[in-house]
Amino acid sequence: MKKGILTFSPQVLRILALVVVTALIVLFFASQIENYLNGRLFNRISSSVAVMALIATGQTLIILTRNIDLSVGSIVGFTAFATGSVIANNPDLSPVLLVGYAAILGGTFGVVNGLLVAYARIPSIIVTLATMALFRSALVEYSNAKSVTSQNLPAWLVDFPNQVVFSLGEFQFRAGFMAAILVVLTAHIALTRLRPARQFYAVGSNPEAATMAGIDSRRVILIAFILSGVMAGLAGFMFVARFGNITVVAGLGFELKSIAAAVVGGVSINGGSGTVIGALLGTVLVDLIDNSLVRWPVVSEFWREAVLGAMILIAVAADTIFIRRLAKMRAARAHEAAIAAEGAKT
Amino acid sequence: MKKRLLSWEGLLLAAFATIFAFNAISLPQFLTIPNQINMFQLSIEKVIVVLVMAFVIINAEIDLSVGSMMGLSACAFGWLFQQGVDPVVAIGLCLLIGVLGGAVNGLFVAWVGLPSLVVTLAALIGFRGLARVLVEDRGITDFPDWFDALGQQGLIGPMTFAMISFFTLLVVAWIILEKSAFGRHTYVIGSNRDVAEFAGINTKRHKLIIFVATGLVSAFAGLLYAARVGAVRGDVANGFELDIITIVLLGGASIFGGSGTLVSTGLAILIVLNLRNGMALHNVTGHIQTGVIGFLLIASVLVPRLDLLRRITKKSKGQE
Amino acid sequence: MTKPTLALRSVSKMFGMTAALTGMSLELFPGEVHAIVGENGAGKSTMIKIMTGIYQPTSGHVEIDGAEVSLHGSKAARLHGVAAIYQEPMVFPDLDVAENIFISASRGLWLDRKATRRQAAELMAHIGMKLDVDRVASGLTLAEQQAVEIARALSQNVRVLIMDEPTASLSAHEAAELRRVARRLADQGVAVLYISHRLEEVFELADRVSVIRDGEHISTNLIADTTPQQMIAEMVGREVGNYFTKMASTTTDEVLLSVRDLAVKGVFEGISFDLRRGEILAMAGLIGARRTDVGLALFGITPATEGEVRFKGRPLKPRSAQDAIRAGIAYVSEDRRKLGLAMELPVLWNMTLATLATFLRGPGLVDTGAERRMAEDFRKRLNIRTPDVDIAVGKLSGGNQQKVMLAKWLNMNPELLIIDEPTRGIDIGAKAEVHDLIRGFAARGGAVLIISSDLPEVLALGDRILVMREGRQMAIVNHDAADQQRIMALAMGQEKAA
């Protein structure tokens, strides 16, 4: 049995663990809350996941390369506002152009981060801590104390996230959610199947070996930040479509939530390991707990953040300890095998 | 290293003088005592935490949870006060919360061996969450007069209790960092943890002590905030970690540990306070001010790097 | 006649004033396993770095297929078909075997998993390893990781494969497997450069063998034309200068440290010796002999799992450096940069790293006056050349850094001084000074355990010499009965353990 566990890759084990934990939590709350598992819960979670899953996907790319992006919340805020203003002023703009605008705008912010981290060699924590503030003040300057309201937005944009693509019983699969899932799946396929994409893993897994293998780590890190910016830009688009009303505080705190989602989803904070599917499951799990606590009469809904903090700590600690154990078990097994081989020889 | 720090101090001094002169010339009210007092008062809680953050960063760690701990301590005080707990007891309990919170950070960093970035990120969210659990979406106010007075009224001349605390802590922190064995070990562990371990220094205990002290001082600063404002809400001190970390890094401490002094940290404090004060008096909004601080943060890491770049290019040119 | 695949033509490499290689010439032919032997520090790693494009020669040049090439960077070397694998393999722990092999392949945008796995499996079969290509690299043994690296090199059409002590950390069985792989590659036309400390495997595997010493090429012979004795003589046959003469022993009768059957499970075992006051015991051996691990166990960094240590007549079981220091044991590490000195911090602070507690007054405050007096005293006594004790220790020369490290430990007045590679990377003048310091310490009643890969140094300092090989104690030789040949033979397993 133990040997069986060893043959799975840590990534698969993490996803399995995540699914099990999610199921246990659903079961727990189903036993606690009447009429818990209904369409409304699903719809709530799915529309919130529609925004956060995109950000978490970008964050995952960054963390894979052993970096961190604290500025995504501000990028979401800026692009949400900018996208909203552009469409409010030009209501006839084609949706494709608008999405493109949001993505390019987000990507531009990513370029700033990426250049400072990869080429000026400033630790990402410092760069993005600073750009988090900088991008936010850029938003304040740009918005000029006005806000975007849903009245100014064309109907197609506001309606888009809530359009039902198909439904299974009372579970509605809405356009926003489906679009986000599509992006995440595309990212997943790209990350697992595209040859250059594997360099994200290589750089984070062993930077020295990556250099020896002729991989240009700087470029890889720059691209990770650009893609994270693009994802945050797309999330900004989803944000404006979903909420309609955008103020200068839009997206505040999303950076923490996205890191939490990625880390809970099994993306190793030391880089090199993790999947966007895991991050998606992490997003769902975080949101599930969020939404369930609101409806659980035993504790106040204000426990949400405290629980989130504890979840991150437990997830990372458990993962670290588990991976260390696994490595030890494997080493022990290899040792035994070596002794056995030696014995067989003499 | 000494030379670079000296030149860094010189640069900081020049920057401070420029900002100070600019403020003094462009703003008639700048040099008045009420404004100078006000300038310190408005950020006093942050600059108190800067003093312990310097230890954390010199030790090659980071603590993102200080703002949340300030909030937690302030909210815990509000909640305890509302429950009818004696305010003096409540203060003691809040400081205890600081110690416990810091201990959680320290244990996970030093013993479990997780990166302090992740641990304190979780704590940033978690402590803030606990603060919200305590006060939910209410504001709590009407603290006893003596408590509010601690934060608002001059105790010695126009100096408030908070300001006196800051200057006292500054001296204490300076003595510990520059004069004591503990301070020396802070540098050594930050510079190279293995070397410290091989020299028989108990690095785990040292890191634990630093995180506990940070929690304690943050909790203390949170109480000062509650006293100064006379009210608490769930978002007390939200985002303060940015300013606090920026000031320490601006003061020349390396994010990789092992370097930094309290003298240049003091200069960095003066720069940030004067900058914010000047901007506020020029009617620059808070978000833009924060943006400027963010810019300073990048510049403070980039500028010494540029200097290095120039020296390297010079050297390679000289060889050719 | 076939052209050599790769050749060095009177290549020299200088680092500042020190020559790491002088006029090195070497030819590697397709289909041969060419072994390189030499002492630690003979210039082998510099030579590899020149062949793999990491260093550029100061003079001379590299030829590939008879044409002069300049290899700038490891990528250029790879393009010419030169690849190296090291004792510590460079794998990506989070990726599976197949991906590790093909990570830098550039054909096609899409990963064809099936094809990749098939090709990886083929490569594995090609080198005769049974390895599931879906396994994640972090779970592989060292030998398996090396196989992955070899496969990676093969996937890039390697023509020259450099193997740098690949078997040093492998079990006998794994090492045999690896040698089989190397032979197989040679049979397929690859030129294999095989660097090893194990003479028996050199004789088992190599077609030709070159001896290098002090950065110079000494000889190249067909394996049939040479003997282990001849090779050892060539490896150590340098002129021994008179700065390495042995002084009279100051050994007393009082046993300070007594070690019986000391072991750290899976690392070393069966270490037993007595060390008397005034005595210098030198531990000799090659890389991978695990001598440093014995030092670390005595110093409490990796506590021993078996055996008994008595120090000053009482049992001692240090669980941390702190325990060892309290008992009176000092340990001067071989790795100044990583374990010895905090390079950015002042000389003064480094000197009192381990002894700060003795310079306190009042509540934990440092008595900087006393501290500085001690530092100035040691600066004079150890002749440390530095403008002042406040500059960063990293700015000093290697020899002076070494003396600062000695000062750091001598000022705690230890009774037992363990010194790992006391003179590595320092010039000859500083070497003599360090030797005098060590002898002086012993003469004043201290006991010294020296770990050194420098045979003349071992002979110049050691009253007795403990030779280790692959985690085992081979012999303790009295100075009078020791010479370089004998110790080298013991360290290489050519002479049976006594």
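In this predicted model, the contact between chains A and B draws 38 residues from chain A and 36 residues from chain B. On the chain A side, the elements that contribute two or more residues are α6 (124–143), α12 (254–264) and α14 (303–345). Sorted by class, that side of chain A holds 29 nonpolar, five polar and four charged residues.

Chain A also touches chain C. Here 27 residues of chain A meet 26 residues of chain C. Two or more residues come from each of α9, α10 (207–212) and α14 of chain A, and α14(A) supplies the largest share, eight residues. The class make-up of the chain A side facing chain C is 13 nonpolar, seven polar and seven charged residues.

Here are the class counts for three contact sides, put next to each other for easy reading.

| Side | Nonpolar | Polar | Charged |
|---|---|---|---|
| Chain A touching chain B | 29 residues | five residues | four residues |
| Chain A touching chain C | 13 residues | seven residues | seven residues |
| Domain 1 of chain C touching domain 2 of chain C | five residues | four residues | two residues |

Staying with chain A, let us look at a helix pair. Two packed helices are described by the angle between their axes and the distance between the axes. For helix α9 (residues 198–205) and helix α11 (residues 217–243) of chain A, the angle is about 115 degrees and the axes are 10 Å apart. The crossing of α9(A) past α11(A) is left-handed. Which residues make this contact? From α9(A) they are Q199(A), F200(A) and V203(A), and from α11(A) they are S217(A), V220(A), I221(A) and A224(A). Five of the contact residues are nonpolar and two are polar, with no charged residues.

Chain B offers a local feature to visit. P28(B) sits in the loop between α1 (2–26) and α2 (33–58) of chain B. Is P28(B) buried or exposed? P28(B) has 10 other C-beta atoms within 10 Å, so it counts as exposed, the cut-off for that label being 12 or fewer. P28(B) and W111(B) are 83 residues apart along the chain, and their C-alpha atoms are separated by 54 Å.

Now to chain C, where the domain assignment gives domain 1 (6–236) and domain 2 (242–491). Taken over C-alpha atoms, the centres of these two domains of chain C are separated by 34 Å. Their contact involves 11 residues of domain 1 and nine residues of domain 2.

Two sheets of chain C are worth following strand by strand. Strands of a sheet pair through backbone hydrogen bonds, either parallel or antiparallel. One of the sheets is open and antiparallel, with four strands in the order β2-β1-β4-β5 (chain C). Its edge strands, each paired on one side only, are β2 (18–28) and β5 (67–69) of chain C. From one strand to the next, the twist of this sheet averages 30 degrees. Within this sheet, strand β1 (residues 6–15) of chain C joins β2(C) through seven bridges in the antiparallel sense, and F15(C) stands opposite T18(C) of β2(C).

The other sheet is also open, but its pairing is mixed, with six strands in the order β6-β7-β8-β3-β9-β10 (chain C). At its edges lie β6 (82–85) and β10 (216–222) of chain C, and its twist averages 20 degrees from one strand to the next.

Why is strand β3 (residues 33–37) of chain C described as largely enclosed by the rest of the structure? Five of the five residues of β3(C) are buried, so the description follows directly. V33(C), A35(C) and V37(C) point one way from β3(C), while H34(C) and I36(C) point the other way. On one hand, β3(C) runs parallel to strand β8 (residues 191–195) of chain C, joined by four bridges, with H34(C) opposite L193(C). On the other hand, four bridges link β3(C) to strand β9 (residues 208–213) of chain C, again in parallel, and A35(C) has V209(C) as its bridge partner there.

Helices pack against this mixed sheet as well. Helix α1 (residues 44–51) of chain C touches β3, β6, β7 (160–164), β8 and β9 of chain C, and its direction makes about 150 degrees with that of β7(C). Helix α5 (residues 142–155) of chain C lies across β6 and β7 of chain C, running at about 175 degrees to β6(C).

How values were computed
Residues numbered from 1 in each chain as written. Chains lettered and ligands numbered in written order. Predicted model: local features only at pLDDT ≥ 70, side-chain atom pairs only at ≥ 80, totals over all residues. Contact = placed C-beta atoms within 7 Å. Nonpolar A, V, L, I, M, F, W, Y, C, P; charged D, E, K, R; others polar. Pairing = 2+ DSSP bridges. Axes fitted to C-alpha atoms, helices over the stretch in contact; angles between N-to-C directions. Left-handed = near helix turned anticlockwise from the far one by under 90°. Buried ≥ 20, exposed ≤ 12 C-beta atoms within 10 Å, placed from the backbone. Domains from an automatic or database assignment.
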